[in-house]
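Biologist: I keep seeing labels attached to models, and I would like to know how each one is earned. Could we go through them together?

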Amino acid sequence: MKIEIQDYCIRCGLCEDLYPQLFTLNIDDDKIDLAYDDDIPTDLEQAAQDARRDCAIAAIFLK
Amino acid sequence: MKSLTTDIAIMGSGLAGLTAAVKAAEAGAKVAVFEKRPFQGGGVSNTPMMTLVVRDEQEYKDKAFKVHMEYTNYSADAAMVRSWIDNSSHIPEFINRLGIDFLHVLKFDLDTLGRLPGYGGGFPNGMHIGDYYLLKPQGKGHGAAVICKRMADTVTKLGGDVRFSCPVTGLVREGDKVTGLVATEKDGDELHVNAKAVIIASGGFSDNPQMIKKYTGFTYTNNNCDDGGDVLFNTLPGARLTGDGQQAVWAIGGAQGSMGINGHNLVPGPGIIGNTPWVMKNQMRIIQEQPYLWVNQRGERFIDEDISNNHMAMGTCIASQPGRCAYIIVDEATVRRMEQVGLDHIYFIFPAEKLSDVRGQFEYLINVVGNKHAFMADTLEELCAQTGISLEGLEKTLKAYNDYCDAGYDAQFAKNPAFLRPVREPKFYALRCFCGGYQALGGIRVNGNCEVVDADYEPIKGLYAAGDCAAGNIWGDPPTGGIGVSTISFAHGFISARKAVEHAKAL
Ligand SMILES: Cc1cc2nc3c(=O)[nH]c(=O)nc-3n(C[C@H](O)[C@H](O)[C@H](O)COP(=O)(O)OP(=O)(O)OC[C@H]3O[C@@H](n4cnc5c(N)ncnc54)[C@H](O)[C@@H]3O)c2cc1C
């Protein structure tokens, strides 16, 4: 499973608040950094699903 | 140098700018929106959880107007207040047309307007002047984020141009009118925009420490208040609200409007809130809401603590204390009561009825997180040594205050006897609170038509402003516990679009 963040993400950092193991708000570059650019470890797949559900703007896609 | 021609050019894609863009595009105008960040909604789109709407009934609108004017001691710009209130009733239909429902609507009777205590939809105490429309959120966000996205999509669908990472750097004025703006494109190229009308909707200035110092007297601080600063903001990190619109307007002769910071009592953040201010890591925000003993650095009480859940009043009081900070102090007996019996003020945003393991929460904050504003001590001497509160002052205060608690009457400030809880039994717990603002607001002076005016209050043709950047005078001059709120941003969006389109069509 891979995480993709859409351009319309609002950089609010809610994903980092709730799932810091997957996301970091990068204030300097005005973007969200992913802990895993490629496949995420299977034990984090549930967290990724939850993050997709909790995102304030539905900008987290899973592939 | 590139150029672009449009009817209406808009600076900023927050609630105000995008509302204006949708309305102007629907009225048939060619619209271009310029946003400095790489996405719609900017610094605070994911914050409003509700919007206030004054019912479209004359007696409700009249009452709301009168309550508001009285609240500002008649220092508010009455024409702006009237036009905001008169336009607010169009907000629900506007939001519904974007395909968005409300979570809940709280309606209030005429009699209750201006009379309900407590935190009212972001408004100051007693300022319930309308109905609350709770915005339907996506996921764990707040609803305005989705509204901004839908509005940006709507503008594009209607043939408008929404440009991200494209900050506006200046306005073009020719004689008595504004004819366009200058922006910087993603690749660094300068873009000259010719427009029949320009709407400034670039928000507040909470990320500009120089403007905060110069225009409000506060000192901006980092999130731990360990750099000598004295005001905190609740905006999202990296919001980049640097007052660009205000500076651009002043540079071409627009008058300065009233500017301020809305009050809020806040304990500095580390270990307490996340990036998003409604993600709480513990129950400190709930403790700071309680009506127990509050003292200043001199150890003196300064207010009937019952207002501690009225954020603007409490923030304003705290800002008037030495060092611009204050402390809530509770003892072990009150902690036990908050854990076992319950709380006296229930904060609807963080609605706990009881607390759990308060000592553990303080220990974690102090020892693991290193928050410098949470304290716990076995003696008053130790508490004063940690906090810097005057021991002599605190002992004197406690002698009187504990007597009031025993007698059931607060001879100093007449606090509700139900909230008189003595401070006697170790351990003693304290939180240092500063004045916090949601955002710094105002700076552009507009009239009731959202037209930007010059030093003689004469409108500058073709130039309008909307939302937080122009909301200062709605709260008086200087603003009295003023606040930038979504209802003003929406209403200003409607008004500025209507006037800008009329102006463009007449050219
Ligand atoms: C924590 C918090 C909670 C809140 N809760 C509520 C609530 O419950 N109810 C309520 O009604 N209100 C609430 N508010 C207030 C509300 O969020 C604001 O009043 C409103 O969103 C302001 O909208 P705006 O469009 O005027 O400004 P903003 O949303 O700040 O938009 C300004 C836009 O202009 C852009 N910009 C700035 N400079 C430039 C430039 N040079 N070029 C191009 N673009 C630029 C910014 O990036 C931003 O996108 C809250 C605010 C906060 C911080």
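Modeller: Gladly, and keep in mind that this is a predicted model. Let's start with a label: α2(B) and α3(B) are oblique to each other.

Biologist: What makes α2(B) and α3(B) oblique?

Modeller: The axes of α2 (residues 58-71) and α3 (residues 78-88) of chain B cross at roughly 140 degrees and come within 10 Å. Angles over 145 count as roughly antiparallel and 65 to 115 as roughly perpendicular, so a value of roughly 140 falls among the rest, and the pair is oblique. The crossing of α2(B) and α3(B) is right-handed.

Biologist: Which residues make that contact between α2(B) and α3(B)?

Modeller: From α2(B) come Q58(B), K61(B), D62(B), A64(B), F65(B), H68(B) and M69(B), while α3(B) brings A78(B), V81(B), R82(B), W84(B), I85(B) and D86(B). By class they are seven nonpolar, two polar and four charged. In the loop between α2 and α3 of chain B you will also find N73(B).

Biologist: What makes the phi of N73(B) worth pointing out?

Modeller: Most residues other than glycine have a negative phi. For N73(B), which is not glycine, phi is positive, near 55 degrees.

Biologist: How do you describe the packing of α12(B) and α13(B)?

Modeller: Helix α12 (residues 380-387) of chain B packs against α13(B) at about 130 degrees, with the axes 10 Å apart. That angle makes α12(B) oblique to α13(B), and α12(B) passes α13(B) in a right-handed crossing. On the α12(B) side are L380(B), E381(B) and C384(B); on the α13(B) side, L391(B), L394(B), E395(B) and L398(B). Five of these residues are nonpolar, none polar and two charged.

Biologist: Which way does the crossing of α1(B) and α5(B) go, left-handed or right-handed?

Modeller: The crossing of α1(B) and α5(B) is left-handed. The axes of helix α1 (residues 15-26) and helix α5 (residues 144-157) of chain B are 9 Å apart, at an angle of about 35 degrees. L15(B), L18(B), T19(B), A21(B) and V22(B) of α1(B) meet A144(B), I147(B), C148(B), M151(B), A152(B), T154(B) and V155(B) of α5(B).

Biologist: How many residues of the contact of α1(B) with α5(B) are charged?

Modeller: None: the contact divides into 10 nonpolar, two polar and no charged residues.

Biologist: Why is the bond from P426(B) to K427(B) called cis?

Modeller: The label goes with omega, which is near 5 degrees there. K427(B) lies in the loop between α13 (391-407) and β16 (428-437) of chain B. Another cis bond joins D477(B) and P478(B), with omega about 5 degrees, and P478(B) sits in the loop between β19 (459-465) and α14 (486-506) of chain B. Most peptide bonds are trans.

Biologist: How is chain B divided into domains?

Modeller: Domain 1 takes 2-205 + 439-506 and domain 2 takes 284-436. Their centres, taken over C-alpha atoms, are separated by 38 Å.

Biologist: And what area is buried between chain A and chain B?

Modeller: About 1700 Å², with carbon and sulfur atoms giving 56%. The contact takes 21 residues from chain A and 22 from chain B. In chain A, I10(A), D17(A) and D30(A) lose the most area to chain B, together 29% of what that side buries.

Definitions and conventions
Residues numbered from 1 in each chain as written. Chains lettered and ligands numbered in written order. Predicted model: local features only at pLDDT ≥ 70, side-chain atom pairs only at ≥ 80, totals over all residues. Heavy atoms only, no water. Axes fitted to C-alpha atoms, helices over the stretch in contact; angles between N-to-C directions. Helix = DSSP H or I, 4+ residues; strand = E, 2+ residues; numbered from the N terminus. Parallel < 35°, antiparallel > 145°, perpendicular 65-115°, else oblique. Left-handed = near helix turned anticlockwise from the far one by under 90°. Contact = heavy atoms within 4.5 Å. Nonpolar A, V, L, I, M, F, W, Y, C, P; charged D, E, K, R; others polar. Domains from an automatic or database assignment. Buried area = accessible area lost by both parts, 1.4 Å probe.
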